[in-house]
Amino acid sequence: MNKLYVLNHKMNLQYEELEIYLKKLNELSTKNQIILSPSTLYLDYCRKNTKYHLCAQNAYYQEKGAYTGEVSFKQLKSLNIKYAIIGHSERRNIFKESDEIINEKVKSCIQNGIIPIICIGESKEERNNNNHLTKIEKQITSSLEQTTPKEVIIAYEPIWSIGTGTIPEKEELTQMIEHIHNILTTNYNIEFKILYGGSVDDTNIEQILKINYIDGVLIGGASLKIDVLKNIINK
Ligand code: PGA
């Protein structure tokens, strides 16, 4: 089955670097689906210069008004942006986004016809204290509260795995992905995909994609290196 690869550039690449990157990305061929999530600043440029679907890394839930420095989901929609990452752990931790704010963002995303890629994940401490399953359930439930989405993408990204080079053990990942799958099938009547994110590269992609119910991956650091990315998307 075809897999989904979301390329999260985070706050990387200067404009000239992006131009070169995009040319190379456009030359890649794969039967799988690629979704590019560049810095917000470059979304319009990417829209005009690539065939791939685009994804915002963040947006604000109010539609318009006096919110200096923010970009709304409604504005993203006006550029035909199809996806948005919501609740990435960097937003939750560095920018102090609460579950309530994330829920508002999911609502605004849905209202504007954008498919949310909702990131969830536990800290090492939560896992060590055996609170990881509860934490994930709470994050899913609160992000989808009072919403009726047709389609969502859930990205399981353990915080201890992002940018560290460490990925969960096969048993840990199997248990968590099954847990997420069960929560979504039991409590919601929606179309969904489950992604894994955190230190994905060309040495571990095969073992990750073997896990039952994983529909694809969210790639940070490795998505910036075209040679590595080429190996990843063709596995
Ligand atoms: P990483 O980041 O692949 O660099 O670990 C993933 C993410 O934060 O989405």
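The lining of the second largest cavity receives at least two residues each from helix 8 (170–187) and helix 9 (205–209), where helices are DSSP runs of H or I with at least four residues and strands are runs of E with at least two, numbered from the N terminus. The model is a predicted one, in which local features need pLDDT of at least 70 and side-chain atom pairs count only at pLDDT 80 or more, whereas totals for chains, interfaces and linings use all residues. Residues are numbered from 1 along each chain as its sequence is written, and side-chain values use heavy atoms, with hydrogens and water left out.

The cavity in question encloses about 40 Å³ of space and is bounded by Ile-167, Pro-168, Glu-169, Lys-170, Leu-173, Gln-207, Ile-208 and Ile-211. Cavities and pockets were located on a 1 Å grid over the protein atoms alone, a cavity being a set of points where a 1.4 Å probe fits but cannot get out, a pocket being an open set with protein on both sides within 12 Å along at least five of seven lines, and lining residues having an atom within 4 Å of a point. Grid points are joined across faces, edges and corners, and a volume is the space filled by probe spheres set on the points. By class, five residues of this lining are nonpolar, one is polar and two are charged, with Ala, Val, Leu, Ile, Met, Phe, Trp, Tyr, Cys and Pro counted as nonpolar, Asp, Glu, Lys and Arg as charged, and the others, Gly among them, as polar.

Two cavities of 30 Å³ or more are present in the structure, and the largest has a volume of about 50 Å³. Helix 4 (89–93) and strand 5 (115–120) are the elements that give two or more residues to the lining of this largest cavity, which includes His-88, Arg-92, Cys-119, Gln-139, Glu-157 and Ile-162. The same lining comprises four nonpolar, five polar and two charged residues.

Among the pockets, the largest holds about 530 Å³ of space and is lined by 18 residues, with Met-11, Thr-40, Gln-57, Asn-58 and Arg-91 lying nearest its centre. Its lining divides into seven nonpolar, seven polar and four charged residues. The second largest pocket, with a volume of about 230 Å³, is likewise lined by 18 residues, of which Gly-163, Ser-199, Val-200, Gly-220 and Gly-221 lie nearest its centre, and the classes there are five nonpolar, nine polar and four charged.

The ligand sits in the second largest pocket, in the sense that more than half of its atoms lie within 2 Å of the grid points of that pocket. The shell around the ligand, which includes Lys-10, Glu-157, Gly-198 and Leu-218, is made up of residues with a heavy atom within 4 Å of the molecule, and these divide into two nonpolar, seven polar and two charged. Polar contacts, defined as pairs of N or O atoms within 3.5 Å, join an oxygen atom of the ligand to the side chain of His-88 at 2.7 Å, to a polar backbone atom of Gly-221 at 2.8 Å, and to the side chain of Asn-8 at 3.5 Å. Taken alone the ligand exposes 280 Å², of which the protein buries 95%, the accessible areas being obtained by the Shrake-Rupley method with a 1.4 Å probe.

How values were computed: Polar contact = N/O pair within 3.5 Å; in protein donor to acceptor, adjacent residues only side chain to side chain.
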